[in-house]
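Please walk me through this protein chain, beginning with its overall build and ending with a few single residues. I am new to reading structures, so a careful explanation in full paragraphs would help.

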Amino acid sequence: MDFELSEEQRAVEKMVRDWAAREVAPKIHDLDREHRFERSFLKGMADLQLLGICIPEEYGGAGMDYVSLGLASEELEYVDTHLRVIMSVHVGLNCMSLWCWGTEAQKKKYLVPQAKGEKIATYGLTEPNAGSDAVGIQTTAVKKGDRYVLNGEKIWISLADVADHFLVIAWTDQEKKKNRDHSGLSAFIVERTFKGFSSYTMKEKWGILAGNTGGFSLQDVEVPAENRVGAEGEGFKVAMFALENGRYTVASGATGLIRACLDASVTYAKSRKTFGVSIGEHQLVKEMIAEMVSDYDAARLLWLRAGWLKNEGRRNTRETSLAKWHATESAFEAAHLAIQVFGSYGYSGEYGIERYFRNARAPIIYEGTTQIHKMMQAEHALGLRALNGRGGDVSPLCSWAPALSPVHARG
Ligand SMILES: Cc1cc2nc3c(=O)[nH]c(=O)nc-3n(C[C@H](O)[C@H](O)[C@H](O)COP(=O)(O)OP(=O)(O)OC[C@H]3O[C@@H](n4cnc5c(N)ncnc54)[C@H](O)[C@@H]3O)c2cc1C
């Protein structure tokens, strides 16, 4: 067992840490307050090759490994969650899906500019009446000659008003839709410029305020048949595969948020005095810091294990799910504790601690709620569902993500 990061991995970690501290940290308080998405950060991330970090060089990426993707996500969320969300939807949910499921033509046309950061991409599964229950979606794609006509509404979409390309899940088989048979779902690449597409930003949300979250509408949007990703009926597999990769970045990102809470708490606990001593000398304050230390290490080890499995080309559904559940719940707890360490100053915006608290909440909901992950873990333990049990990998770096259904295996 080797716990050392490689030289390349350490370089990625330092590069992202330095960039985020220099370019983002000084501005994030105001951006968050103003609910403003700063587009120049996308350019900065593209310049560092983060937007295609683990996509092969032949497709415009940096060709780095999955641990590097996790390290970048951790460093980005250390400064602000919205930066890691960009990695989750653009790299994890979209680019990696195109890389593993796309045709050569799709990769050339869509993946290459995305991995270079010239185009921004996201993922549209959730709808007003269906989140966890993916087969409850209503969006349809009806084949007409060499095109599909898409109709539907997607909501809670990260980068809805920012992205150029959308990986959209829709029903192509209306009979299967009625029977809730997921083999009637298909995946499509939709461009913002397609006629009948419109998007909006949601203003009423608690956290990730410097990010962009919204929805989009598809009104008779004609999508060329060559934009279908995977075969007809493989949309659910594409969707779950995407979620597993996004989930990995959520786990590593949330780990960064725990560290941000810990670092801020340690600094404050050394300087704030009560009863003649620094608050860090009080046992109950030490306890709060100790809990953050323990959760950080556990979260980091869990996502590193998932990253190692990914690098080995081994299935990691169970491990990634556990890493995501643990890290996101721990990040929320760390933010809660950090507010307590700061006292009333944690409750104000002055130190950014309440931003951590607000930002830590949504990751417990998206990419599989905590309840869904608990269900996956318990069903695996009870032998009701074999999360890593069978089936081959699509590519050496990818595995299946059978989140809410029996295990799927290609072939
Ligand atoms: C900030 C943010 C960004 C997002 N970005 C995206 C995005 O880019 N693309 C996208 O497609 N979606 C995105 N989502 C949507 C997100 O993935 C969904 O909100 C999530 O899947 C949960 O779905 P829901 O909100 O419909 O809740 P529901 O599925 O309705 O769940 C409601 C409650 O019931 C529980 N529950 C549901 N089913 C079960 C069950 N079987 N067993 C036990 N408990 C259950 C849930 O855990 C939850 O507590 C985003 C959400 C947020 C908040």
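The paragraphs below go from the whole chain to its domains, then to the ligand, the core and two residues in loops.

The model shown here is a predicted one. Its chain has a secondary structure of twelve helices and ten strands. The radius of gyration of the chain is 21 Å, which is close to the 22 Å that the globule rule gives for 411 residues, and the chain is therefore as compact as a globular protein of that length. Taken along the principal axes, the box filled by the C-alpha atoms of the chain is roughly 80 × 45 × 40 Å. Of the 411 residues in the chain, 52% are buried. When one looks at the contacts in the chain with a separation of 6 or more, 73% of them are made by residues that stand 24 or more positions apart.

The chain can next be read domain by domain. Its domain assignment gives domain 1, covering residues 7-120, domain 2, covering 122-236, and domain 3, covering 243-381. Between the C-alpha centres of domain 1 and domain 3 there is a distance of 21 Å, and 22 residues of domain 1 are in contact with 23 residues of domain 3. On the side of domain 1 that touches domain 3, helix H1 (7-34), helix H3 (66-79) and helix H4 (81-101) each supply at least two residues, and H3 gives the most, with ten residues. Sorted by class, this side of domain 1 has ten nonpolar, six polar and six charged residues.

Where does the ligand lie with respect to the domains? Domain 2 and domain 3 both give residues to the shell around the ligand, so the ligand lies between them. There are 21 residues around the ligand, and those that come nearest are Thr126, Gly131, Ser132, Thr369 and Gln371. Three elements, namely strand E1 (121-124), strand E3 (147-158) and helix H12 (370-381), each supply at least two residues of this shell. By class, the shell around the ligand is made up of eleven nonpolar, nine polar and one charged residues.

The interior of the chain deserves a look as well. The largest nonpolar core has 121 residues, and the residues with the most contacts inside it are Phe188, Cys261 and Ala338. Helix H7, which runs over residues 235-271, gives the most to this core, with 18 residues. Leaving aside residues up to four places away in sequence, Phe188 touches Ala141, Tyr148, Leu150, Val168, Ala170, Val223, Asn227, Arg228 and Val229.

Two residues in loops close the tour, and both concern the backbone angle phi. Most residues other than glycine have a negative phi. Leu159, although it is not a glycine, has a positive phi of about 65 degrees, and its place is the loop between E3 and strand E4 (165-171). Is Leu159 buried or exposed? A residue counts as buried if 20 or more other C-beta atoms lie within 10 Å of its own, and Leu159 has 27 other C-beta atoms within 10 Å, so it is buried. Arg180, which is not a glycine either, has a positive phi of about 55 degrees and lies in the loop between helix H6 (174-178) and strand E5 (185-191). A residue is exposed if the number of such neighbours is 12 or fewer, and because Arg180 has 11 C-beta neighbours inside 10 Å, Arg180 counts as exposed.

Conventions:
Residues numbered from 1 in each chain as written. Predicted model: local features only at pLDDT ≥ 70, side-chain atom pairs only at ≥ 80, totals over all residues. Near = placed C-beta within 6 Å. Helix = DSSP H or I, 4+ residues; strand = E, 2+ residues; numbered from the N terminus. Nonpolar A, V, L, I, M, F, W, Y, C, P; charged D, E, K, R; others polar. Domains from an automatic or database assignment. Rg over C-alpha atoms; globule rule 2.2 N^0.38 Å. Contact = placed C-beta atoms within 7 Å. Core = buried A, V, L, I, M, F, W, Y, C linked by C-beta atoms within 7 Å.
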